[in-house]
Amino acid sequence: MQSEPASLPPDGIIPLSVPFIAGNEWAYVKNCLDTTWVSSLGIYVNRFERMVADIVGTKHGVAVVNGTAALQIALLLAGVEPDDEVVVSTLTFIAPVNAIRYVGAWPVLMDADPIYWQMDAAKTVDFLERGCSWRDGALRNRTSGRRVRAVLPVHVLGHPVDMDPITEAASRFGLSVIEDATESLGARYKERPVGQLGDAACLSFNGNKLFTTGGGGMIVTDHNDWATRAAYLTAQAKDDPVEYEHGEIGYNLRLTNVLAAIGCAQIEQSKEFLAAKRRIAQRYNEALSDIPGITPMAEAAWASSAWWMYTVLVDAVIYGSDSRSLLRQMSESGVQCRPLWQPMHRSKAHVGAQAYRIEIADQLHARALSLPCSVGLSEEDQGRVITLLREYAKAR
Ligand SMILES: *Cc1c(COP(=O)(O)O)cnc(C)c1O
């Protein structure tokens, strides 16, 4: 039972990124309704967990209500306690930094690298080696005196962080590594899938992500005890399902079978989705590389990007208008673009968080512009985006 591909929004607007619903989503959801298996147990939850864990190459997947919840629980699994610190990217969507605060810990904000825009591995290692010291059996931040417990690299926009130096330093200092892979499911780092590079990884299936369940998330891990504990904590920490005895204060964060059903249908198309993203990115890369002042998105030799959100840098002087003016011009022409997130060291939500040697993230924030890149973006619409970017360059 196939449904028609989702149609574009009205008035010929080219959206930034919209879901692609054209597989077995409807059939699987109907099956949930027909069988009344609509809640947080059911075959689709199990199948979805298995399918995603297989893509990532981990032993376990534990489905949860969203990516933010996955991050919160993963931090608890890592043993992060109130007043501990967690090293995290400053150039990211806010969720991972909020999750650190949910468990009572504090973020140490790390700069982005200038080429791939990911958490800077060299600065991260530098912070652990020189910004911290080993005292009373723990790694302590020299500035705050607090215990550093984990590193939380965020693979932004579909491209991996350079993980090897980070995991090497983390293991040297006894820290857990939790990957925020919410934007990069399907990406590879040195041939290894993103999501299997640390102790656990967090995924999101929000509507704006490459694979969506409407809202959803997952923790993937190779640690048996972490997976068991994640399932336990996210289902109210129930020790006895008959007598309703609970071993501790748990959470109600499990994904429902209906949403997992959508997820199964999405993951069935993972090869096609990733191929579409790569095709769109390649065309942009070729078409935009000769526009003065536009820097296309890069892919490292050691990486295979999932190309989740295709983004360029706009040099205001050379291009002739800055990223925000270009955003407005594109919008007036019916093309939705978007800047990157306000860096976390600028966010009112995290005033006072330590920012470690941040030099690059603000420039990237000022210059970056994400372009329409839905899986279902037509060649014609992509051509329109490219033509407009050329015209506005000339129009200065
Ligand atoms: C989307 C996203 C999340 C959170 O996912 P939700 O499912 O929306 O809670 C976390 N981190 C990053 C970097 C994201 O882009």
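In which sense do β10 and strand β11 (residues 217-221) pair, and over how many bridges? Select both strands and look. They pair in the antiparallel sense, over five bridges. Keep in mind that this is a predicted model.

**Stop 1: strand β10**

Select residues 200-204, which form β10. The strand is mostly covered, with five of its five residues buried. Now show the side chains. A200, C202 and S204 point one way, while A201 and L203 point the other way.

**Stop 2: the neighbours of β10**

Start from A200. Its bridge partner in β11 is T221. Next, add strand β7, residues 176-180. β7 pairs with β10 in the parallel sense, over three bridges. Here I178 stands opposite A200.

**Stop 3: the second largest cavity**

Now look for empty space. Rolling a probe the size of a water molecule over the atoms shows where such space is left. The count comes to three cavities of 30 Å³ or more. Stay with S204 of β10, one of the residues that line the second largest cavity. Add others from that lining, including F205, F211 and W308. The space inside is about 60 Å³. Its lining has five nonpolar, three polar and two charged residues.

**Stop 4: the largest cavity**

Select S17, V18, P19, K209 and L210. Of the 14 lining residues, these lie nearest the centre of the largest cavity. K209 and L210 also line the second largest cavity. The volume of the largest cavity is about 90 Å³. Six of its lining residues are nonpolar, six are polar and two are charged.

Finally, colour domain 1 (11-16 + 270-394) and domain 2 (25-267). Each gives at least three residues to the lining of the largest cavity.

Methods. Residues are numbered from 1 along each chain as its sequence is written. This is a predicted model: local features need pLDDT of at least 70, side-chain atom pairs count only at pLDDT 80 or more; totals for chains, interfaces and linings use all residues. Side-chain values use heavy atoms; hydrogens and water are left out. On a 1 Å grid over the protein atoms alone, a cavity is a set of points where a 1.4 Å probe fits but cannot get out, and a pocket is an open set with protein on both sides within 12 Å along at least five of seven lines; lining residues have an atom within 4 Å of a point. Grid points are joined across faces, edges and corners, and a volume is the space filled by probe spheres set on the points. Ala, Val, Leu, Ile, Met, Phe, Trp, Tyr, Cys and Pro count as nonpolar, Asp, Glu, Lys and Arg as charged, and the others, Gly among them, as polar. Domain bounds come from an automatic or database domain assignment. Buried means under 20% relative accessible area, exposed over 50%, partly exposed in between (1.4 Å probe, protein chains only). Helices (H or I, at least four residues) and strands (E, at least two) are DSSP runs, numbered from the N terminus. Two strands pair if DSSP finds at least two bridges between them.
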